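Biologist: Hey, can you walk me through this one? I'm new to it.
Modeller: Sure, let me put it on screen.
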Amino acid sequence: MPAVVGIIRRAGRLLLTRRARPPYAGSWDLPGGFLEGGELPEAGLKRELREELAVKARGIRLIGFATDRYGPRGFPVLTMVYRVTIGRAEVRAGDDVSEARWFDRRAIPLREIAFPSMRRLLRGYLVGRAGRPIPLRGK
């Protein structure tokens, strides 16, 4: 099943959402979700960010892919991961999200991230190659 998520940064912080539904209800995740039938990935990400956070996405750039299972014994998922810029509008939790919060790089709760592939992806994104941190500021 194809899915999309966005890495959204602002002022040196990363936006995470708390899952409102199983699997992994109550844990943190990157905002996004499953594509609908016939939907292109960027359009699906824009739709998901409107539904989950009431924001408009722009500056969408593919940065990679992740594979996982939807829950410990769930079906396979291929997730397309994008870096996303959003407007200055207030982020509001909605749809499948119980909370949205901006985290400083040193405060990202990696052990509380819902899916193993997203934990690995965030570790790699935050640390970067050769162990050097990737700045959360700028593009």
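Modeller: One term before we start: a residue is buried under 20% relative accessible area, exposed over 50%, and partly exposed in between. Keep in mind that this is a predicted model.

Biologist: Okay. Is Arg101 buried, partly exposed or exposed, then?
Modeller: Arg101 has a relative accessible area of 35%, so it is partly exposed. Arg101 also forms a salt bridge with Glu99, with the closest N and O atoms 2.7 Å apart.

Biologist: And where does Glu99 fall, buried or exposed?
Modeller: In between: Glu99 counts as partly exposed because its relative accessibility is 24%.

Biologist: Which other salt bridge does Glu99 form, with Arg18 in the picture?
Modeller: Arg18 and Glu99 pair up, and their closest N and O atoms are 3.0 Å apart. That pair links distant parts of the chain, with Arg18 in strand S2 (residues 13-19) and Glu99 in strand S7 (residues 97-104), 81 residues apart.

Biologist: What does Arg19 pair with?
Modeller: Arg19 forms a salt bridge with Asp29, where the closest N and O atoms are 3.1 Å apart. Arg19 lies in strand S2 and Asp29 in strand S3 (residues 28-29), so this bridge ties together parts 10 residues apart in sequence. Arg19 counts as buried because its relative accessibility is 14%, and Asp29 is buried too, at 7%.

Biologist: How many salt bridges are there in total?
Modeller: The count comes to 9.

Biologist: Switching topic: what's up with helix H1?
Modeller: H1 has 13 residues, which should span 18 Å at 1.5 Å a residue, and its end C-alpha atoms are indeed 18 Å apart. Right after H1 comes Ala54, which has a positive phi, near 60 degrees.

Biologist: Which residues of H1 are buried?
Modeller: Gly44, Leu45, Arg47, Glu48, Leu49, Glu52 and Leu53. Their cover includes S1, S2, strand S4 (32-34), strand S5 (57-69), strand S6 (76-86) and S7.

Biologist: Glu52 is a charged one in that list. What is the nearest side chain of opposite charge?
Modeller: That would be Arg19, 6.8 Å away. A salt bridge needs the nitrogen and oxygen within 4 Å, and Glu52 has no salt bridge although it is buried.

Biologist: So what does Glu52 touch?
Modeller: Leaving out residues up to four places away in sequence, Glu52 touches Pro31, Gly32, Arg92, Ala93, Gly94, Asp95, Asp96 and Val97.

Biologist: Now the greasy side. Which residues touch the most other members of the largest nonpolar core?
Modeller: That core has 19 residues, and Ile7, Leu16, Leu30, Ile108, Ile113, Met118 and Leu122 touch the most other members. Strand S1 (2-10), S2 and helix H2 (116-127) are the elements that give it two or more residues. H2 provides the largest share of this core, 5 residues.

Biologist: Why would nonpolar side chains gather like that?
Modeller: In soluble globular proteins, nonpolar side chains tend to be buried together.

Biologist: Can we zoom in on Leu16? What does it touch?
Modeller: Not counting residues up to four places away in sequence, the contacts of Leu16 include Trp28, Leu30, Phe103, Ile108, Ile113 and Leu122. Glu99 and Arg101, from the salt bridge we began with, are among the residues Leu16 touches as well.

Terms used: Residues are numbered from 1 along each chain as its sequence is written. This is a predicted model: local features need pLDDT of at least 70, side-chain atom pairs count only at pLDDT 80 or more; totals for chains, interfaces and linings use all residues. Side-chain values use heavy atoms; hydrogens and water are left out. Helices (H or I, at least four residues) and strands (E, at least two) are DSSP runs, numbered from the N terminus. Buried means under 20% relative accessible area, exposed over 50%, partly exposed in between (1.4 Å probe, protein chains only). Lys and Arg count as positive and Asp and Glu as negative; His and the chain ends are not counted. Contact means heavy atoms within 4.5 Å. A nonpolar core is a set of buried Ala, Val, Leu, Ile, Met, Phe, Trp, Tyr and Cys residues joined through side-chain atoms within 4.5 Å. The expected span of a helix is 1.5 Å times one less than its number of residues.
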